[in-house]
Amino acid sequence: MTRVRLSVVVPCFNEEASVERLHGTVRAALAELPDVDVEVVYVDDGSTDGTLAALRRLAAADTDVRYTSLSRNFGKEAAMLAGLRRTTGDAVVIMDADLQHPPRLLPEMLTLYRQGFDQVIARRDRRGDRFVRTLASRSFYRAINWWIDVRLLDGAGDFRLLSRLAVNAILTMPEYNRFSKGLFSWIGFRTAVVTHRNEIRQAGRSRWTFGKLFNYAFDGLLSFNNRPLRLAIYGGLFLTLIAVAYMAWVVADAVEKGIDVPGYTTIIVSVIGLGGIQMMLLGVIGEYIGRIYYETKRRPHYLVQETERPAGPDERPGR
């Protein structure tokens, strides 16, 4: 069987309590695959605890460990991009450091990769999640799949295997406002799904608050379509038709019954209602303009502070 070089990308933010444990679990999961060469690429996304020190220890003890420390917290999207740029493997797995992405799935994912799949998605069930969070997540996927131009799989996160072909496709997309779930779906290629049970976090607390999840969902909504802008056009046309119909009714009523004293309540409700709609539509337009503003700046997605060796040409910020 042909040897495969596998790269494992692990974004880390304040994961001091779990990163060394994760490394041992990944090594154990791949130990029985003698035809696989492994490199593990850690990205410290501006951690404020001892994560970077733990990565230094791992790199000193294991020659297959590579790490990148960013100059500050740029967010998970930037950390994943930094990790993908440093990989050299034929296949690349992206996984979290909190062990909610079980390393035991790696052999099965590699088997599917050998069968010709360019994406192998690890899809979790929702057993153990709180009812409110489950309801919100399912509502998000139903809504976003109705809005955006690509289809997102409910329960599929960033934990997946990508072939070198798929990784290179992702790296050709330089946009600043990145929504990786959408990018993974957009590139297509042959895709397989591996389902696994929901794993609890092994250490620390999740930093995905409801507010952050809402903002992430909103980013996804705006990143892959212009339907909100089109909805503004349709909404404006609808309100115009209502206004014309109301005007015709007022004129007809005045001709038939004479001019009456205008209704104060009707005027106030109309002004407040239309003003609110206008502000909402201006906010949607402003979001798109803001994204254009950040794209035109062409700032790097991240800045590298430290690696286990000097960064090469392809690892410089902005590439």
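**Exercise 1. Phe 189 and the end of α7**

Task: Place Phe 189 in the chain, then describe its backbone and its exposure.

Solution. Start with the location: Phe 189 is found in the loop that runs between α7 and β7 (191-196). The model you are looking at is a predicted one. Next, check the backbone: Phe 189 is not a glycine, yet its phi is positive, at about 70°. Gly 188, just after α7, also has a positive phi, here of about 75°. Finally, turn to exposure: the relative accessible area of Phe 189 is 36%. Because buried requires a value under 20% and exposed a value over 50%, Phe 189 is classed as partly exposed.

**Exercise 2. The surroundings of α7**

Task: Which residues of α7 are buried, and what does their number say about the helix?

Solution. First, list them: Ser 180, Lys 181, Gly 182, Leu 183, Phe 184 and Ile 187 are the buried residues of α7. Then set that against the length of the helix: six of its eight residues are buried, so α7 is largely enclosed by the rest of the structure.

**Exercise 3. A cavity and its lining**

Task: Describe the second largest cavity by its volume, its lining residues and the helices that supply them.

Solution. Begin with the count, which gives two cavities of 30 Å³ or more. The second largest has a volume of about 50 Å³. Now walk around its lining: you will meet Glu 77, Met 80, Leu 81, Leu 84, Ile 170, Arg 178, Ser 180, Leu 183 and Phe 184. Sort these by character, and you get six nonpolar residues, one polar and two charged. Then sort by element: α3 (76-86) and α7 (180-187) each bring at least two residues to this lining. The top contributor is α3, with four residues.

**Exercise 4. Another positive phi**

Task: Is Leu 99 buried or exposed, and where does it lie?

Solution. Look first at the loop between β4 (91-94) and α4 (106-114), which holds Leu 99. The phi of Leu 99 is positive, about 70°, although this residue is not a glycine. Now apply the cut-off: Leu 99 has a relative accessibility of 11%, and buried means under 20%. Leu 99 therefore counts as buried.

**Exercise 5. Gly 46 and its neighbours**

Task: Which residues does Gly 46 touch, leaving aside those up to four places away in sequence?

Solution. Gly 46 sits in the loop between β2 (36-44) and α2 (51-61). With a relative accessibility of 17%, Gly 46 counts as buried. Its contacts beyond four places in sequence are Phe 13, Leu 70, Arg 72 and Asn 73. Look further along the chain as well: Val 304 is 258 residues away from Gly 46, and their C-alpha atoms are 9.9 Å apart. Follow Arg 72 one step on, and you find its charged end over the ring of Phe 74, at 4.0 Å from the centre.

**Exercise 6. Rings and the whole chain**

Task: How many aromatic pairs does the structure hold, and which arginine lies over the face of Phe 117?

Solution. For the pairs, the count is zero. For Phe 117, the residue over its face is Arg 190, 4.6 Å from the ring centre. Now zoom out: the protein has 10 helices and eight strands, and 43% of its 319 residues count as buried. Among contacts between residues at least 6 apart in sequence, 83% join residues at least 24 apart.

How values were computed
Residues numbered from 1 in each chain as written. Predicted model: local features only at pLDDT ≥ 70, side-chain atom pairs only at ≥ 80, totals over all residues. Heavy atoms only, no water. 1 Å grid on protein atoms, 1.4 Å probe; cavity = no way out; pocket = protein on both sides within 12 Å on 5 of 7 lines; lining within 4 Å. Points joined across faces, edges and corners; volume = space filled by probe spheres on them. Nonpolar A, V, L, I, M, F, W, Y, C, P; charged D, E, K, R; others polar. Phe/Tyr/Trp six-rings, centres within 6.5 Å; stacked < 30°, edge-to-face > 60°. Lys NZ or Arg CZ within 6 Å of the ring centre and 35° of its normal. Buried < 20%, exposed > 50% of the residue type's maximum accessible area, 1.4 Å probe, protein only. Contact = heavy atoms within 4.5 Å.
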